[in-house]
Amino acid sequence: MFRPKIPTMPTPTGIVTSPVVEPTEIVQHAPAPIPVAPAAPARPTVQLTPGTALALVGGGTAVVLVVGAVLVSMLLAVAVTAASVAVCALVVRSLIASEHKRR
């Protein structure tokens with residue numbers, strides 16, 4: 001599937017033949033009339049009632065709070081991981097230092 005397909009070509013004979021070109025007749029026709037599309041109906045304008053505006057504000061606030069909570073939890077997870085790695089590094093360093101003092 002991934003191998004390139006190399007076209008096969010017969011061995012050249014040295015004889016060059018030119019293709020026969022026949023003239024064609026050009027006939028011009030009158031262009032077809034362009035149909036006129038009917039006018040699109042006017043779109044109704046969007047009107048915000050106090051209820052829909054309140055729903056939009058509430059939905060936007062909910063999205064911001066959820067995204068903020070996710071980002072804060074990810075930051076907290078990174079901080080806890082970094083602290084645990086730092087504690088492990090201190091313990092390993094302490095064990096290595098105490099081993100060198102015994103010798």
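A residue is called buried when its relative accessible area is under 20%, exposed when that value is over 50%, and partly exposed in between. Keep that scale in mind as we walk through this predicted model.

Let's begin with the whole chain. The protein has 103 residues, and buried residues make up 0% of them. Its exposed surface comes to about 10,800 Å², with carbon and sulfur atoms supplying 72% of that area. The secondary structure is quickly told: 1 helix and 0 strands.

That helix, α1, covers residues 50–102, and Val67 is found within it. With a relative accessible area of 44%, Val67 falls between the two cut-offs and therefore counts as partly exposed. Val67 also belongs to a nonpolar surface patch of about 550 Å², which it makes together with Val63, Val66, Val70, Leu71 and Met74.

Now move along to Thr81, which is also in helix α1. Thr81 has a relative accessibility of 46%, so this residue is partly exposed too. Its side chain has a partner in the backbone: the side chain of Thr81 reaches the backbone oxygen of Ala77 at 2.8 Å. That distance lies within the 3.5 Å allowed for a polar contact.

Definitions and conventions. Residues are numbered from 1 along each chain as its sequence is written. This is a predicted model: local features need pLDDT of at least 70, side-chain atom pairs count only at pLDDT 80 or more; totals for chains, interfaces and linings use all residues. Side-chain values use heavy atoms; hydrogens and water are left out. Patches are made of residues with over 30% relative accessible area and no salt bridge: like charges are joined within 9 Å, nonpolar side chains (Val, Leu, Ile, Met, Phe, Trp, Tyr) within 5 Å. Accessible areas come from the Shrake-Rupley method with a 1.4 Å probe; for residues, only the protein chains shown count as cover. A salt bridge is a side-chain nitrogen of Lys or Arg within 4 Å of a carboxyl oxygen of Asp or Glu. Helices (H or I, at least four residues) and strands (E, at least two) are DSSP runs, numbered from the N terminus. Buried means under 20% relative accessible area, exposed over 50%, partly exposed in between (1.4 Å probe, protein chains only). A polar contact is a pair of N or O atoms within 3.5 Å; within protein, one must be able to donate a hydrogen and the other to accept it, and residues adjacent in sequence count only if both atoms are side-chain atoms.
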